[in-house]
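Work through the following exercises with the sequence and the structure open beside you. Try each task before you read its solution.

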Amino acid sequence: MTILVIAEHDGKSIKSGTLNTLGAARKIGGEIHVLIAGADCRDAAAEAAARIPGVAKVLIADDPALAHGLAENLAPVVVNLAKDYGHVLAPASSFGKNLLPRVAALLDVQQISDISGVEAPDTFVRPIYAGNAIATVRSTDPIKVITVRTTAFDPVPADGGTAPIEATAAQGSAGLSEFVSAEISQSERPELTSARVVVSGGRGLGSAENFKILEGVADKLGAAIGASRAAVDAGYVPNDYQVGQTGKVVAPELYVAVGISGAIQHLAGMKDSKVIVAINKDEEAPIFQVADYGIVGDLFTIVPELEAELAKVL
Amino acid sequence: MKILVPVKRVIDFNVKVRVKADGTGVDLANVKMSMNPFDEIAVEAAVRLKEAGTATEVVAVSCGPAQAQETIRTALAMGADRGLHVPVEGELQPLAVAKLLKAIVAEENPALVIMGKQAIDDDCNQTGQMLAALLGWPQGTFASKLAVESDAILVTREVDGGLETVKLRLPAVVTTDLRLNEPRYASLPNIMKAKKKPIDSRTPEALGVDVTPRLETIKVAEPPKRQGGVKVGSVAELVDKLKNEARVI
Ligand SMILES: Cc1cc2nc3c(=O)[nH]c(=O)nc-3n(C[C@H](O)[C@H](O)[C@H](O)COP(=O)(O)OP(=O)(O)OC[C@H]3O[C@@H](n4cnc5c(N)ncnc54)[C@H](O)[C@@H]3O)c2cc1C
Ligand SMILES: Nc1ncnc2c1ncn2[C@@H]1O[C@H](COP(=O)(O)O)[C@@H](O)[C@H]1O
């Protein structure tokens, strides 16, 4: 039984979620191949994939039509390969969520979304109802098409392997869609989904201007900055900051929730964090039920104090 | 241009979900059910396109038990013109829904299907992409902005890094994200009017679709409970605990 992992990459390097997806593949067991699809990904990205220990083969599909990960062009490439595999995996990122169901339908397979555990090669664990229930499901399909909740699996190391690289056929453009533009948030901070520390703000911050008071604390902690849906909806920060059931799932060593009430949809995205700190002026806020350390008070006094206190010890 | 809007009846997002003691699923008896929130956004988007003169007709479709007709009524009260109900008792998985919707698209010939990105019960995030695949149509997933042109649609998508805009040839499938719009509440007169709008029915058999689940649920369990911790009295105490007790800084 061989497993195909669809790598997420930017042409130069492999996104860290791919390493966690490979961690899930290892739990399933069997030979692992990695697909690098894109434009001009022959060198950097494919070579990075070939260095991952435990990868038996790297396949590359290099075609201008694959430049922006358009599912219409990429799905046929994966479908063409999939017949030779028992499992096809991708990270449950916006890339994987967009692509893999299209692949699954073309293969007439019921995808298994966002797995958080592997029980057997055909049996998987996944959260449902915003993580309020955990389902164990068995697939009866011949090929298992799976997206992986990356925070639930340890990453494999990035270096140490020497897998052969083989070209595979791209299929050009399906002529259905084209990439127009992207507005990608620029940040010097670590990536939200893989950061060791996350500092998140909610509606309690009150404005985009006020939201900036989190930056000092985040700087001290080397943290990524996240947000609740309410903060994103109100325009304090861009959409890619949203943590939760329908945003990003994070599980850092330390999660600091500032002015966030703790709605189940928010908890769904962060309650697997190792240590949770909540700062909220309402002592009844549900966030305190999951917080290891809670502090009741006005965030506009507490956050600057925290920054000063961290400066003393770090 | 006709728009098809698939809407799912799900547990209301405010309800506290309880896992059944026998581990077979979650307790849905006497629980408030509503339209999936992302589907409300989809209905709103379609109705706005109609109000703008871009769309000529909005058809809401739901697959599920008889009560799914209530969800269709909600869509009609928000401004959809007519409804289609596909009666199915028992579990329906995204691939089966996508096949039912494909058969309905073949009958209805919409230029656009607008649906939710994710149902908040199964959290699958699959059906729209699957429908697009089965139809051989382009897909604009996680949409936060739409602009219809004569034979194409520009879709701005919420992606992990920020926003991305793609241009899709029509017909196409669009799935909605939270920032696309704020759905309206149906007014009382519109709720009354919706009662007179037609809802047709199509069985899976008539549509020629086998809806047998492919995934077998072995068990459903409570998530591990997180123990609430302590409240600290001062910021200095917090930092001390993070450093010396939790050792995370
Ligand atoms: C379909 C759907 C999907 C959703 N997906 C998500 C998701 O992915 N992620 C998500 O986060 N939410 C999601 N939500 C929204 C969720 O239900 C909540 O509405 C949202 O999380 C609330 O955000 P909040 O905690 O910032 O705001 P609020 O609930 O308004 O809480 C603000 C908190 O700030 C505190 N506060 C205010 N001022 C101060 C101050 N000066 N000092 C200290 N504390 C202060 C208040 O006491 C309060 O607890 C979703 C909802 C739906 C329907
Ligand atoms: N039974 C159903 N009837 C109508 N539409 C559905 C049904 N199930 C899913 N959908 C649509 O597909 C979207 C995504 O669902 P899912 O793939 O299950 O997360 C939903 O937001 C609905 O628009």
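**Exercise 1.** Find A:R51 in the predicted model, and determine in which loop it is found and whether it is buried, partly exposed or exposed.

*Solution.* Begin with the secondary structure of chain A, where A:R51 is found in the loop that runs between α2 (44-50) and β3 (55-62). Next, take its relative accessible area, which is 39%. Since buried means under 20% and exposed means over 50%, with partly exposed in between, A:R51 counts as partly exposed. Then look for its partners: leaving aside the neighbours within four places in sequence, A:R51 is in contact with A:A158, A:D159, A:G160 and A:G161. As a last step, compare sequence with space for one of these partners: A:R51 and A:A158 are 107 residues apart along the chain, while their C-alpha atoms are separated by 6.7 Å.

**Exercise 2.** Locate A:T136, and list the residues from chains A and B with which it is in contact.

*Solution.* The residue A:T136 lies in strand β8 of chain A, which covers residues 133-139. Its relative accessibility is 6%, and therefore A:T136 counts as buried. Setting aside the neighbours within four places in sequence, the contacts of A:T136 in chain A are A:E119, A:T123, A:F124 and A:V125. On the side of chain B, A:T136 is in contact with B:E216, B:T217, B:I218 and B:K219.

**Exercise 3.** Write down the order of the six strands that form an open sheet, and name the edge strands.

*Solution.* Follow the sheet from one end to the other, and the order reads β13(A)-β12(A)-β14(A)-β15(A)-β16(A)-β13(B), with parallel pairing. The edge strands are β13 (224-227) of chain A and β13 (230-231) of chain B, each of which pairs on one side only. Now examine one pairing more carefully: four bridges join strand β12 (residues 197-201) of chain A to β13(A), and the two run parallel. Within this pairing, A:V199 stands opposite A:I225 of β13(A).

**Exercise 4.** Describe the surroundings of B:V88, and decide how far β5(B) is enclosed.

*Solution.* Start with the place of B:V88, which is in the loop between β5 (82-87) and α3 (94-108) of chain B. With a relative accessibility of 5%, B:V88 counts as buried. Apart from its neighbours within four places in sequence, B:V88 is in contact with B:G64, B:P65, B:L100, B:P204 and B:V211. Turning to the strand before this loop, five of the six residues of β5(B) are buried, so the strand is largely enclosed by the rest of the structure. Six bridges join β4 (residues 57-64) of chain B to β5(B), the two strands running parallel, and B:A60 stands opposite B:G83 in β5(B).

**Exercise 5.** Compare the radius of gyration of chain A with the value for a compact globule, and then find what share of its residues is buried.

*Solution.* For 314 residues, a compact globule would have a radius of gyration near 20 Å, and chain A agrees with this because its own value is 21 Å. Along the principal axes, the C-alpha atoms of chain A fill a box of roughly 60 × 40 × 40 Å. The share of buried residues in chain A is 60%. Finally, consider the contacts between residues at least 6 apart in sequence: in chain A, 66% of them join residues at least 24 apart.

Key. Residues numbered from 1 in each chain as written. Chains lettered and ligands numbered in written order. Predicted model: local features only at pLDDT ≥ 70, side-chain atom pairs only at ≥ 80, totals over all residues. Heavy atoms only, no water. Rg over C-alpha atoms; globule rule 2.2 N^0.38 Å. Buried < 20%, exposed > 50% of the residue type's maximum accessible area, 1.4 Å probe, protein only. Contact = heavy atoms within 4.5 Å. Pairing = 2+ DSSP bridges.
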